[in-house]
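Here are a few exercises to work through with the model open in your viewer. Try each one before reading its solution.

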Amino acid sequence: MVQNEYRDMCDTYLMRNFSRDILITRGKGARVWDDEDNEYIDCVAGIAVCSTGHCHPKVAEAICRQAQELIHISNLFYIPGQAQLAKRIVEKSGLKGGRVFFSNSGSEAVEAAVKLARVRTGKKRFIAFRSGFHGRTYGALSLTHKEDYRLPFTPLPYECEFVKYGDLEGLKAVMDETVAAVIIEPVQGEAGVIPAPEGFMEDVRKVCNENDALMIVDEVQTGFGRTGTWFAFQHSTAKPDIITMAKGIASGFPMGGIVAREGLEFLPGEHGGTFNGGPLACAAAHATIDVLEEIIGDIERKGARFRDGLAAYNPRQRGLMIGITLGDRCAPVKQYCEEHGVLVNCTSGNLRLVPPLVITDEEIDQAVRVINEALNS
Ligand SMILES: *Cc1c(COP(=O)(O)O)cnc(C)c1O
């Protein structure tokens, strides 16, 4: 646990918007260690970010190698590795003829998607879903349902209506030709791992087509193998117009981006960013994808192992995204797990498990044992 001295220093010099009490100093694979050398199995993975585990040697090596060649140059110049990365991402997305715009975070990816939808459709209205989360910057916040996040910051730039997740009739009721885009998470993450009902992604696609609106799939949390496919929408037959991505893309090196389908892109000067798609981020993402290509076929099996181990508590599971509704019991369960060497996360009254995708069967079994104990106690 973090020493008082360091806690005081944080309280003095940092804004106190985050609450936390463990100081993690190193990590390897699915394990991390705190400042007193206590070991934890990490079922948080930096919030679904450390997809290849902590400090994967291939990722660390790629970052180090690139750091000795070129750290930053800006998009005033071609950037080494950037086009190859875009090609790989477009291919994984299945959007033939699609193009990539890189960002530095999930919110910025959503921001890019919203600006692209706004500028290319000429329309201003958006539809999002209740309990959905799309980020904290103003555009992304306009589409984020949670009032605690949104209301202190009104007025927000975009008009957005929030429909119950999975409610097709509710969606049809607010849709018309004035809607620029509908944004949807294929599995709601911050809401506590809530998968879209069977067929809903296809229904959203159809309603968007009927109203000449774009479909934005927010894969910031679900992308890059998290649910067992490269992107979670690929469990459906729906094809989005825009995909947002970030968290797992570069194993923790800050990066994000969007893929937009053929014919949908920013014109020169319409959007940009100093750091976007920089050499280090691209190197980290290439190495991440290299590792994921080797393990992606095993992710659903590992997720099922988690699900089976926790079956008594009705987990919701898609790949290595697992959620269990606990309400007020979440905080004590989390604390028990931490005291017994497993890091877990509580979100909206749900236990959320999003471990590194390289977690081993032994680590899953150990985590499951501790989580079961916590839930039973
Ligand atoms: C985390 C998240 C975001 C925001 O990403 P940041 O990198 O925190 O800005 C957006 N959408 C979804 C679905 C997320 O899970």
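**Exercise 1.** This is a predicted model. Work out in which hand α3 passes α10, then how the two are oriented and what their contact is made of.

*Solution.* Start with the handedness: the crossing of α3 past α10 is right-handed. Next, take the axes of α3 (residues 57-69) and α10 (residues 279-295), which come within 8 Å and cross at roughly 155 degrees. Angles over 145 degrees count as roughly antiparallel, so α3 is roughly antiparallel to α10. Now list who touches whom: α3 brings K58, V59, A62, I63, Q66 and A67, while α10 brings P279, L280, A283, A284, A287, T288, V291 and E294. Sorted by class, that contact holds 10 nonpolar, two polar and two charged residues.

**Exercise 2.** Do the same for α12 (residues 330-339) and α13 (residues 361-376).

*Solution.* The axes come within 9 Å and cross at roughly 140 degrees. Since only angles over 145 degrees count as roughly antiparallel, α12 ends up oblique to α13. The crossing is right-handed. V333, Y336 and C337 of α12 meet V370, I371, E373, A374 and L375 of α13. By class, that gives seven nonpolar, no polar and one charged.

**Exercise 3.** Is T227 buried or exposed, and what surrounds it?

*Solution.* First locate T227: it sits in the loop between β10 (214-218) and β11 (242-245). Its relative accessibility is 1%, so T227 counts as buried. Leaving out residues up to four places away in sequence, T227 touches V187, T222, A232, H235, E300, R318, G319 and M321. With H235, the T227 side chain makes a side-chain polar contact of 3.0 Å.

Technical notes
Residues numbered from 1 in each chain as written. Predicted model: local features only at pLDDT ≥ 70, side-chain atom pairs only at ≥ 80, totals over all residues. Heavy atoms only, no water. Helix = DSSP H or I, 4+ residues; strand = E, 2+ residues; numbered from the N terminus. Buried < 20%, exposed > 50% of the residue type's maximum accessible area, 1.4 Å probe, protein only. Polar contact = N/O pair within 3.5 Å; in protein donor to acceptor, adjacent residues only side chain to side chain. Contact = heavy atoms within 4.5 Å. Axes fitted to C-alpha atoms, helices over the stretch in contact; angles between N-to-C directions. Parallel < 35°, antiparallel > 145°, perpendicular 65-115°, else oblique. Left-handed = near helix turned anticlockwise from the far one by under 90°. Nonpolar A, V, L, I, M, F, W, Y, C, P; charged D, E, K, R; others polar.
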